[in-house]
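User: I'd like to learn how to read aromatic pairs and nonpolar cores in a model. Could you walk me through them?

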Amino acid sequence: MNMLTVLPSHFGYVIFTYLYSWIMLAYLAVKVGLARKKYDVKYPAMYSDKEQVFNCIQRAHQNTLEIYPQWLVFQTIAALVYPFFTGWWIIIDAAVNYPDEGDFHHAYHTCGVIATLAFLMINAVSNGQVRGDSYSEGCMGQTGARVWLFIGFMLAFGSLIASMWILFGGFVVPQKPVVYPGIAIFFQNAFIFFGGLVFKFGRTEDLWQ
């Protein structure tokens with residue numbers, strides 16, 4: 001059996017996510033190496049008894065390595081259906097590297113949750129149901145499908161706009177020293193938004209009939 005006929009057509013994007021994760025792991029390893037030289041922490045010591053800043057840098061790398069195998073498994077499973085899980089991986093990376101509320105307020109995760117909900121709403125109805133070709137029963141019929149889709153798109157646009165506001169209003173304009181969490185929030189919502197559009201309008205709906 002040819003695996004290319006089994007995998008989704010957009011599965012190649014998942015490979016880019018894996019490549020990005022390797023770059024991220026290499027970046028964290030370099031940060032730990034530089035911190036060892038700066039704070040004079042010799043191998044094979046994992047942590048320092050004196051330098052808590054080094055311990056934070058080392059723990060960020062270690063946390064990532066601890067969840068990386070599980071993430072690879074679940075990323076692959078999710079990518080078989082939703083190849084645009086990249087957005088959530090970016091925000092997880094930001095949350096791991098900046099756990100402090102001062103750098104990355106936990107309330108900012110609301111945008112990603114709403115964007116994911118909108119993703120599911122938009123793709124819960126087929127284009128045929130919206131056109132009225134294959135939807136004749138249920139709550140409000142064709143009108144209900146259109147209202148549901150409209151609400152989904154409004155939530156998707158709202159979360160994308162909110163992520164832009166968070167990026168510029170919460171990080172760029174105040175000139176915070178750490179801007180990456182704001183960038184991660186924007187890219188998370190952008191990936192989910194455009195992923196929803198591709199999955200909505202780029203798939204075949206033969207099995208929906």
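User: Is Phe187 buried, partly exposed or exposed?

Analyst: Happy to help, and do keep in mind that this is a predicted model. Buried means under 20% relative accessible area and exposed over 50%. Phe187 has a relative accessible area of 40%, so it is partly exposed. Phe191, at 31%, is partly exposed too.

User: How are Phe187 and Phe191 placed in helix α7?

Analyst: They sit four residues apart, about one turn of the helix. Their rings form a tilted aromatic pair, 6.5 Å centre to centre with 40° between the planes.

User: How many aromatic pairs does a search of the whole structure find?

Analyst: Six. One of them is Tyr98 with Tyr180, a tilted pair at 6.2 Å centre to centre and 45° between the planes. Tyr98 lies in the loop between α3 and α4, while Tyr180 belongs to helix α7, so this pair ties together parts 82 residues apart in sequence. Phe157, Phe193 and Phe194, in turn, form one aromatic cluster.

User: Now the core: which element gives the most to the largest nonpolar core?

Analyst: A core is a set of buried residues of certain types, joined through side-chain atoms within 4.5 Å. The largest one here has 11 residues, including Ala118, Leu149, Phe153 and Phe193. Helices α4, α6 and α7 each give two or more residues, and α6 gives the most, with five.

User: Which residues make the nonpolar surface patch?

Analyst: Val147, Phe150, Ile151, Met154, Phe157 and Ile161 make a patch of about 570 Å². Among them, Ile151 is found in helix α6 and counts as partly exposed at 39% relative accessibility.

Conventions
Residues numbered from 1 in each chain as written. Predicted model: local features only at pLDDT ≥ 70, side-chain atom pairs only at ≥ 80, totals over all residues. Heavy atoms only, no water. Buried < 20%, exposed > 50% of the residue type's maximum accessible area, 1.4 Å probe, protein only. Patch = residues over 30% accessible without salt bridge, like charges linked within 9 Å, V, L, I, M, F, W, Y side chains within 5 Å. Areas by Shrake-Rupley, 256 points an atom, 1.4 Å probe, with all protein chains shown as cover. Salt bridge = Lys/Arg side-chain N within 4 Å of Asp/Glu carboxyl O. Phe/Tyr/Trp six-rings, centres within 6.5 Å; stacked < 30°, edge-to-face > 60°.
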